[in-house]
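The following exercises are to be worked with the sequence and the predicted model at hand. Each task is followed by a solution in steps.

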Amino acid sequence: MGRVYNFSAGPAVLPEEVLKEAAEEMLDYQGTGMSVMEMSHRSKAFDGIIKDAEKDIRELMNIPDNYKVLFLQGGASQQFSAVPMNLMKNKKAAYIVTGQWAKKAYQEAQRYGEAVAVASSADKTFSYIPDCSDLDIPEDADYVYICENNTIYGTKYKTLPNTKGHTLVADVSSCFLSEPIDVTRYGVIYGGVQKNIGPAGVVIAIIREDLISDDVLEGTPTMLKWKTQADADSLYNTPPCYGIYICGKVFKWIKKMGGLEAMKALNEKKAKILYDYLDESKLFKGTVVPKDRSLMNVPFVTGDDELDKKFVAEAKAAGFENLKGHRTVGGMRASIYNAMPIEGVEKLVEFMKKFEAENA
C-alpha cells in the first residue's frame with residue numbers, strides 16, 4: 001500500500017521529501033562512505049550536521065545570541081525534573097495546569113520543592129485555557145511553568161501568561177515551529193521533536209544563558225545539569241545523532257516552505273477546514289472552547305462510544321491512521337502537524353461527511 005494519512009499525535013508524520021532525502025543518504029552520507037547512523041559524533045561530518053541544524057533553528061525562530069540551543073535526550077518528560085533541578089533556587093515554582101503533561105510536570109516539581117498550581121482547567125476536563133492575566137504568583141517563585149499546546153486536549157495558549165516579572169518556562173512539544181514566537185518572552189523553551197520536527201529521541205531546549213549555572217539542586221545528575229550540556233555544545237556524551245540529522249533536514253524544509261510565518265498560515269488554513277466542518281456537523285463536535293483551539297491537535301466526538309469506535313475502524317480501513325483519541329479522554333483526535341498536507345485534512349473531512357450521512 002502507499003503512504004497513509006497519518007494523524008498520529010507523535011511520533012508523527014514527517015515531510016515526504018525529507019524522508020526521501022534521508023533514504024538517498026542512508027548508505028553513504030555525502031561521500032563519507034557511511035550512514036549518519038554509523039558516524040562518530042566527534043567526526044567532521046557530524047560536526048557539520050549539528051552546527052548547521054543549530055544555525056537553521058536559530059534563524060527560523062530568531063533566537064537571540066544570549067540563548068543556548070541544546071539537543072538533548074530523555075524526552076520532554078525528563079525536563080520535568082531538569083527544570084526544577086536547574087531553576088528552583090528558592091525551592092518554589094508556579095505551575096499552570098492545563099492538561100496531563102502540565103500536571104505531570106507539576107507533580108514532578110513537587111519532589112524538589114514547593115510547586116504551586118496558580119491556575120488549572122481541570123474543572124472542565126482541560127477543555128479551555130484559564131485566564132492568566134492576573135494570577136496570584138508567589139513573590140519568591142523561581143519560575144512560572146506552562147505547557148503551551150496541550151496535545152491530548154487540543155488547547156493552546158493564544159496569549160502568554162502575565163508572569164509578573166518571573167521567568168517563563170514552556171513545554172512546546174506539540175506546537176514547536178508551527179508559528180513564529182518571541183523567544184525573548186521565555187526563559188526556557190523546550191520540546192520533544194517527535195510531533196513537528198523529527199523522530200522520537202531528541203529534545204530541543206532553548207535556554208537563556210543567565211539561567212545556566214553550577215548553582216543547581218544538590219543531587220542533580222551531571223547529565224541533567226544544563227551547564228554540562230551547554231559547555232559541551234550538546235556533545236557531552238553521544239547525542240541522538242541520527243535524530244538530530246533528521247531535525248536539521250526538517251529545519252531546511254521549513255525554511256524552503258517560507259519559514260514560520262508561512263507555516264502558521266498553512267496550519268491555520270488546515271485547521272479551519274476541520275473546525276468549520278465540526279462546527280456545522282450534526283454528528284461530530286469539537287471538545288474545546290473555540291477561542292482556545294489548537295492548530296495542531298483537534299479532538300472531537302460523536303457523543304456515542306460505539307459510534308466513535310466504528311468511525312475510527314472505518315477511517316483506518318480508508319487510509320486515515322491514528323485517529324483514536326488518547327486513552328484518558330476517548331473519542332477521536334486528528335493531529336495535523338506541519339508535515340500533514342492540506343489534502344490530508346480535506347480528504348478526512350470528506351470521509352467524515354460521508355460517515356455522517358451513513359450514520360445520521
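**Exercise 1.** Determine whether Phe320 is buried or exposed, and describe the aromatic pair that Phe320 forms with Tyr5.

*Solution.*
Step 1. The relative accessibility of Phe320 is 6%. Buried means under 20%, so Phe320 counts as buried.
Step 2. Tyr5 has a relative accessible area of 22% and is therefore partly exposed.
Step 3. The ring centres of Tyr5 and Phe320 lie 6.0 Å apart, with 15° between the planes. Planes under 30 degrees apart count as stacked, and the pair is accordingly stacked.
Step 4. Tyr5 belongs to strand E1 (residues 5-6) and Phe320 to strand E13 (residues 320-321), so the pair ties together parts 315 residues apart in sequence.
Step 5. Both residues also belong to one aromatic cluster, whose members include Phe7, Tyr277 and Phe284.

**Exercise 2.** Classify the aromatic pair of Tyr95 and Tyr106, and state which elements the pair ties together.

*Solution.*
Step 1. The centres of the two rings are 6.0 Å apart and the planes differ by 50°. The pair of Tyr95 and Tyr106 is tilted.
Step 2. Tyr95 lies in strand E3 and Tyr106 in helix H4, so parts 11 residues apart in sequence are tied together.
Step 3. Tyr95 is buried, at 0% relative accessibility. Tyr106, with a relative accessible area of 18%, is buried as well.
Step 4. A search of the whole structure finds 16 aromatic pairs.

**Exercise 3.** Establish how strand E3 is covered and which strands pair with E3.

*Solution.*
Step 1. Strand E3 spans residues 92-97, and 6 of its 6 residues are buried.
Step 2. In a regular strand, side chains alternate between the two faces of the sheet. On one side of E3 are Lys92, Ala94 and Ile96, and on the other Ala93, Tyr95 and Val97; both faces are covered.
Step 3. Strand E4 (residues 114-120) runs parallel to E3 and is joined to E3 by 6 bridges. Ala93 stands opposite Ala115 in E4.
Step 4. Between E3 and E4 the chain passes through helix H4 (residues 100-109), and this β-α-β crossover is right-handed.
Step 5. Strand E5 (residues 143-147) also pairs with E3 in the parallel sense, over 2 bridges. Here Tyr95 has Tyr145 as its bridge partner.

**Exercise 4.** State which ring the charged end of Lys124 sits over.

*Solution.*
The charged end of Lys124 sits over the ring of Tyr128, at 5.8 Å from the ring centre.

Note on methods
Residues are numbered from 1 along each chain as its sequence is written. This is a predicted model: local features need pLDDT of at least 70, side-chain atom pairs count only at pLDDT 80 or more; totals for chains, interfaces and linings use all residues. Side-chain values use heavy atoms; hydrogens and water are left out. Buried means under 20% relative accessible area, exposed over 50%, partly exposed in between (1.4 Å probe, protein chains only). Helices (H or I, at least four residues) and strands (E, at least two) are DSSP runs, numbered from the N terminus. Two strands pair if DSSP finds at least two bridges between them. A crossover is right-handed if, with the strands pointing away from the viewer, the path from the first strand over the helix to the second runs clockwise. Rings of Phe, Tyr and Trp (its six-membered ring) pair if their centres lie within 6.5 Å; planes under 30 degrees apart count as stacked, over 60 as edge-to-face and the rest as tilted. A charge sits over a ring if NZ of Lys or CZ of Arg is within 6 Å of the ring centre and within 35 degrees of the ring normal.
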